[in-house]
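Please open the model in a viewer and keep the selection panel at hand. The stops below are given in the order in which they are to be selected.

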Amino acid sequence: MSDTPFGFGLPPEEPEDGDEGKKKDQQSGGGQGPANPFGFGGLPGAGGFGGPGADNPLAAMFGSLNPTDLGAAFQQLGQMLSYEGGPVNWDMAKQIARQTVSQGTSDGTKDASVGPAERSTVQEAVRLADLWLDDATSLPSGAASAVAWSRAEWVEATLPAWQELVDPVAERVGAAMGDVLPEEMQAMAGPLIGMMRSMGGAMFGTQIGQAVGVLAGEVVGSTDIGLPLGPAGKAALLPVNVEAFGKDLGVPKEEVRLYLALREAAHQRLFAHVPWLRSHLFGAVDGYARGIKVDTAKLEDVVGQFDPQNPEQLQDALQQGMFQPEDTPEQKAALARLETALALVEGWVDAVVHAAAKPRLSSADALRETLRRRRATGGPAEQTFATLIGLELRPRRLRDASRLWASLTDARGVDGRDGLWAHPDMLPTAHDLDDPDGFVHREQLDFSELDRMLGEAADKPDLRKKDQGDQGDEGGDTGEAKGDGAE
């Protein structure tokens, strides 16, 4: 688990010129520190993502004092202080995410509108992927349509899912901010608490916007992190990111696109035909969030010394580990449930896609290993979960889950393997991932006789009515007997 369970800071990037680059970066004020959960890079006047003034929201807005930007900076400050919505200022998150996308990625790749030719290519790739998957899984197609998104379109389409994921954690923090003062003092300090909550909503919104904006430059579809972030039934690929992903692999573009389309289409099948899965995953995130506790003593000190003219005090306090997961059996169970569920989803997709691609794509093994290493070295899934909820999807669990699903295919066939998704209680547990062979070869309970008996009972309604009538007659006779006895 991440050392900063609620640290919203993105991992710092290594300068291309080594130690000299680090010195220059420190001198210019660029970049975020490793424990900066509420960095404000990316705001107007901040010189871009992680630019000068990134650690200070006011310096970020007013640092250059460019007269042409001054009006926009004041407007941004007004939005921060006047926000009265939920725990996260999602309007600001969207704005910051789009700004981050517009700046391009570190390799200089800029976002671009998707043309008709690219849309047609993505649709054809998803259509072919779905045909191949028919042989590898018993779950039918889950993609009602296939779309090609720009990075900006990915941000727009996935923000509702981010809101559902992040709000429970942010709500916990917001509630703690209002509870640190004694009840008799809260009325007197109402304006201060309101301003703190507005600042907190802006801080969350800014950092989430930065995280989502950076992620938009890396993801290749709508399910890269193992969760359905896009609209249901809509398989999506990002052509500009697909091309960047395959740039130095030495693999034909068509094979890269097809392999990634297979993964997207496989995710869509799983989430479309396992109706409880989405709520199970999002519920596990919510359960984990409920276990987040706030160091109220530290927060009380911040509130007591809070200076409205020095809002970065709040940010400095947040950097000192104010939010920690509770070390309780319930919290550990929530974390294990979430981590295991994500591993099972990704492991199933990995196994199914490999089965579909191996006979058809010469580069299937290489692409599979590339994606696994991407996870192991801190790809989008690990970074995002570590940033937002302190969770890292461990590659060991992913590989164990993939091996378990492959073994289940050999032992029980495709139908027997996919049948485990019928109910969450049928799925392998974290212990089963440690001992996949034990789960695969465990003696299965035979419910066929019970099913036959229940089926026969359901087909004989007249018999049920007769039984109910006989019971009613018996009850009447007993009542009369009791009445006679009483007389």
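Select threonine 100 in this predicted model; with a relative accessible area of 7%, threonine 100 is buried, because the cut-off for that class is under 20%. The residue belongs to helix 4, which covers residues 90-102. Display the side chain of threonine 100 together with the backbone of isoleucine 96: a polar atom of that side chain lies 2.9 Å from the backbone oxygen of isoleucine 96. Next, add Gly209, Gln210, Gly213 and Val214, the residues that threonine 100 touches once those up to four places away in sequence are set aside.

Move on to helix 10 (residues 253-273) and select glutamine 268, which is placed in helix 10. Is glutamine 268 buried or exposed? Its relative accessible area is 8%, so glutamine 268 counts as buried. To see what surrounds glutamine 268, select its contacts beyond four places in sequence: Gly142, Ala143, Ser222, Thr223, Gly233, Lys234 and Ala235.

Keep helix 10 on display and add helix 14 (residues 329-357). At what angle do helix 10 and helix 14 pack? The angle is about 130°, and the axes are 9 Å apart. The two helices are therefore oblique to each other, since 130° is neither over 145 degrees nor within 65 to 115. The crossing of helix 10 past helix 14 is right-handed. For the contact itself, select Tyr259, Leu262, Arg263, Ala266, His267, Leu270 and Phe271 on helix 10. On helix 14, the partners to select are Val345, Glu346, Trp348, Val349, Asp350, Val353, Ala356 and Ala357.

Now turn to strand 1 (residues 145-148) and select alanine 148, which lies in it. Alanine 148 counts as buried, with 1% relative accessibility. A distance label between the C-alpha atoms of alanine 148 and alanine 235 should read 8.6 Å, although 87 residues separate the two along the chain. Alanine 235 has already appeared on this tour, among the residues that glutamine 268 touches. The contacts of alanine 148 itself, leaving out residues up to four places away in sequence, are Val114, Glu118, Arg119, Val122, Glu153, Leu237 and Pro239.

Finally, select the whole chain. Its secondary structure comprises 21 helices and 4 strands, and 47% of its 487 residues count as buried. Of the contacts with a separation of 6 or more, 76% join residues 24 or more positions apart. With a surface representation switched on, the accessible area comes to about 23300 Å², and carbon and sulfur atoms account for 51% of it.

Terms used: Residues numbered from 1 in each chain as written. Predicted model: local features only at pLDDT ≥ 70, side-chain atom pairs only at ≥ 80, totals over all residues. Heavy atoms only, no water. Buried < 20%, exposed > 50% of the residue type's maximum accessible area, 1.4 Å probe, protein only. Contact = heavy atoms within 4.5 Å. Areas by Shrake-Rupley, 256 points an atom, 1.4 Å probe, with all protein chains shown as cover. Polar contact = N/O pair within 3.5 Å; in protein donor to acceptor, adjacent residues only side chain to side chain. Axes fitted to C-alpha atoms, helices over the stretch in contact; angles between N-to-C directions. Parallel < 35°, antiparallel > 145°, perpendicular 65-115°, else oblique. Left-handed = near helix turned anticlockwise from the far one by under 90°.
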